[in-house]
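Hi,

Here is the structure I promised to send over. Have a look at it first, and then read my notes below.

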Amino acid sequence: MQEYVIGIKIASTMIVAAFLVGAPTLANSINAPYSEQFRMDKGEAYGTIASTQSQQGDSPAWLLSGHWKTNIINKTIDDFNQSNPASFDAMFSMVMLNGSAKHQHQVSNFSLTDVKDENDIVVYKGQSTVTMKDGPVTEIPTEIKIHNNNVISIWFDPTKVNTHFGVSPIYGALFTEKEMKSKGTVDHKNNI
């Protein structure tokens with residue numbers, strides 16, 4: 001019986017890991033507006049959100065899982081203008097670790113104000129809109145960091161969102177163009 005329980009735990013862990021790591025494949029395999037919204041076009045980067053957030057203390061309380069898309073990576077502030085604005089969009093679910101209180105958030109309307117290269121971390125600062133329970137909150141100071149072109153951290157000013165996401169950044173992964181092509185989520189019509 002104990003071997004059966006261990007087998008179930010291992011299988012459950014593998015399913016969750018496959019979802020978090022293979023989310024682009026899953027998104028591509030379903031015919032939904034969500035997967036189309038997050039197709040990668042030329043000049044864009046794409047990835048997943050897979051983060052745990054703490055409300056108080058060091059113990060994680062929430063699991064965040066979703067997708068993000070942007071056109072700011074490897075660019076400077078001078079690369080953008082009114083006809084070619086910077087963008088960062090995200091959709092993610094947030095659920096307590098006990099499985100309760102599941103809800104979703106969307107991030108949009110990102111406006112870039114500063115870009116700094118700090119060794120292997122590029123910091124993009126700006127403001128964004130985040131959907132919350134009582135409606136969208138606008139002009140939230142936002143900091144997006146790209147670590148070694150592999151990891152993304154997204155930080156929203158906690159005072160603007162009632163520390164809803166805790167005080168630490170939300171983390172995720174950045175997919176390379178090669179990874180996106182292997183998962184079938186790159187729009188090949190745009191020759192990327």
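A quick word on terms before the fold: helices (H or I, at least four residues) and strands (E, at least two) are DSSP runs, numbered from the N terminus, and two strands pair if DSSP finds at least two bridges between them. With that in hand, the main finding is a barrel: eight strands close up in the order E1-E2-E3-E4-E5-E6-E7-E8, with antiparallel pairing. From one strand to the next the twist averages 30° (axes are lines fitted to C-alpha atoms, and angles run from 0 to 180 degrees between N-to-C directions).

Some ground rules. This is a predicted model, where local features need pLDDT of at least 70 and side-chain atom pairs count only at pLDDT 80 or more, while totals for chains, interfaces and linings use all residues. Residues are numbered from 1 along each chain as its sequence is written, and side-chain values use heavy atoms, with hydrogens and water left out.

Overall, the protein has four helices and eight strands, and along the sequence they follow the pattern α-α-α-β-β-β-β-β-β-β-β-α. Of its 192 residues, 36% are buried (under 20% relative accessible area, with exposed over 50% and partly exposed in between, using a 1.4 Å probe and protein chains only).

Now to E1, residues 45-53. Seven of its nine residues are buried, so this strand is largely enclosed by the rest of the structure. On one side, E1 pairs with E2 (residues 62-70) in the antiparallel sense over nine bridges, and Ala-50 stands opposite Ser-65 in E2. E1 is also joined to E8 (residues 170-175) by four bridges, again antiparallel; here Tyr-46 has Phe-175 as its bridge partner.

Elsewhere in the barrel, E5 (residues 121-132) and E6 (residues 135-147) run antiparallel and share 11 bridges. One pair to find on screen is Tyr-124 with its partner in E6, Ile-144.

How far can you trust it? The mean pLDDT (the predictor's confidence in each residue, from 0 to 100) is 79, and 70% of the residues reach 70 or more. Residues 1-36 are below 50, and beyond near neighbours in sequence this stretch has 30 contacts in the model (heavy atoms within 4.5 Å). Residues 186-192 are also below 50, with 19 such contacts. Where pLDDT is low, the predicted coordinates should not be read in detail.

Cheers
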